[in-house]
Amino acid sequence: MNSPHLSPLRVDPLPLRAALDRCADLADLRETRQYLAVRQAVAPCDPLQVYARSEAPDRCFWARPSQDFALAATGCVDIPTADGSDAGRFTTNSLVAQRLFASMSVVGEEGAPEQAGPLLLAGFAFSGRHAAQGEWRGFPGARLVLPRKLVVRLGKRAFLTCIQPIVPACDRDALCNLLQ
């Protein structure tokens, strides 16, 4: 995010490497992509500024002022595919999200609230009979996005979560250096 307002604490390299190795072992064993989410506390910041300064083409800002909650998501690690055109689209997408989170390991800030991340962003058409025409051309009936970076402010606390896909036979040393 390269924002001067984000000053993450350094993640302890031993738990990071252990989590990376576990995740890579699962990717090798299952022959499928896994995800490693690195969550860190950061100095209090304004996610709206993070959003505004990001040059990522995929970015999102969401706030609930009544709950003193805001988030900025930048980049995209994955867009899991799910049918979004019928009445069961919420159930279908919920199952897709559950499978994605089952393939994710989290390392970093212990005891952080669930809203600190990792999070999956979702958008749905208003109708189960969505027609991608007119001003909705190019928009699916449902879309899930796993952001690469997520900045969350919860009251006076803030967190940065970065997500790295881990593929079978990955270069673990290079990924560990990248994540550090």
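This tour moves through a predicted model, from its sheet to a helix, a set of salt bridges and the nonpolar cores.

**The sheet**

Begin by selecting the six strands that form an open sheet, in the order S2-S3-S7-S8-S1-S4. The pairing among these strands is mixed. Next, colour S2 (59-64) and S4 (104-108), which stand at the edges. Each of the two has a single partner strand, so one side of each is left without a neighbour in the sheet. Across the sheet, neighbouring strands are turned by 15 degrees against each other on average, direction ignored.

Now restrict the view to S1 (residues 34-42) and S4, which run parallel and are joined by five bridges. Within this pair, select Ala37 and find Val106 of S4 opposite.

**Helix H4 against the sheet**

Add H4 (residues 172-179) to the display. This helix packs on the sheet, where it touches S1 and S8 (157-166). The direction of H4 makes about 160 degrees with that of S8.

Which residues of H4 are buried? Select Arg172, Leu175, Cys176 and Leu179. Looking down the axis of H4, one finds these buried residues within an arc of 100 degrees, so they line one face of the helix. An α-helix has 3.6 residues a turn, so residues three or four places apart point the same way. Rotate to the face turned away from the buried side of H4, and the exposed residues Asn177 and Leu178 come into view.

**Salt bridges between H1 and H4**

The model contains six salt bridges. For the next stop, display the side chains of Arg17, Asp21, Asp25, Asp28, Arg172 and Asp173, which are linked in a network of salt bridges.

Start with Arg17 and Asp173, whose closest N and O atoms are 2.7 Å apart. Arg17 belongs to H1 (residues 13-30) and Asp173 to H4, so this salt bridge links distant parts of the chain, 156 residues apart. Both partners count as partly exposed, because the relative accessibility is 25% for Arg17 and 49% for Asp173.

Turn then to Arg172, which forms a salt bridge with Asp25 at 2.8 Å between the closest N and O atoms. With Arg172 in H4 and Asp25 in H1, the pair ties together parts that are 147 residues apart in sequence. Asp25 has a relative accessible area of 43% and is therefore partly exposed.

Keep Arg172 selected and add Asp28: their side chains meet in a salt bridge of 3.1 Å, N to O. This pair, too, joins H4 to H1, so parts 144 residues apart in sequence are tied together. Asp28 is partly exposed, with a relative accessible area of 34%.

**The nonpolar cores**

Hide the charged side chains and select Leu16, Leu20, Leu36, Val38, Val107 and Ile166. Of the 14 residues in the largest nonpolar core, these touch the most other members. H1, S1 and H4 are the elements that give two or more residues to this core, and H1 gives the most, with six.

Centre the view on Ile166. Leaving aside neighbours within four places in sequence, Ile166 is in contact with Leu20, Cys23, Ala24, Ala27, Thr32, Arg33, Gln34, Leu36 and Leu175.

For the last stop, select Leu71, Leu119, Val152 and Phe159. They are among the twelve residues of another core, which lies apart from the largest one.

Technical notes. Residues are numbered from 1 along each chain as its sequence is written. This is a predicted model: local features need pLDDT of at least 70, side-chain atom pairs count only at pLDDT 80 or more; totals for chains, interfaces and linings use all residues. Side-chain values use heavy atoms; hydrogens and water are left out. Two strands pair if DSSP finds at least two bridges between them. Helices (H or I, at least four residues) and strands (E, at least two) are DSSP runs, numbered from the N terminus. Axes are lines fitted to C-alpha atoms, for helices over the stretch in contact, and angles run from 0 to 180 degrees between N-to-C directions. Contact means heavy atoms within 4.5 Å. A salt bridge is a side-chain nitrogen of Lys or Arg within 4 Å of a carboxyl oxygen of Asp or Glu. Buried means under 20% relative accessible area, exposed over 50%, partly exposed in between (1.4 Å probe, protein chains only). A nonpolar core is a set of buried Ala, Val, Leu, Ile, Met, Phe, Trp, Tyr and Cys residues joined through side-chain atoms within 4.5 Å. The arc is that of the directions from the helix axis to the C-beta atoms.
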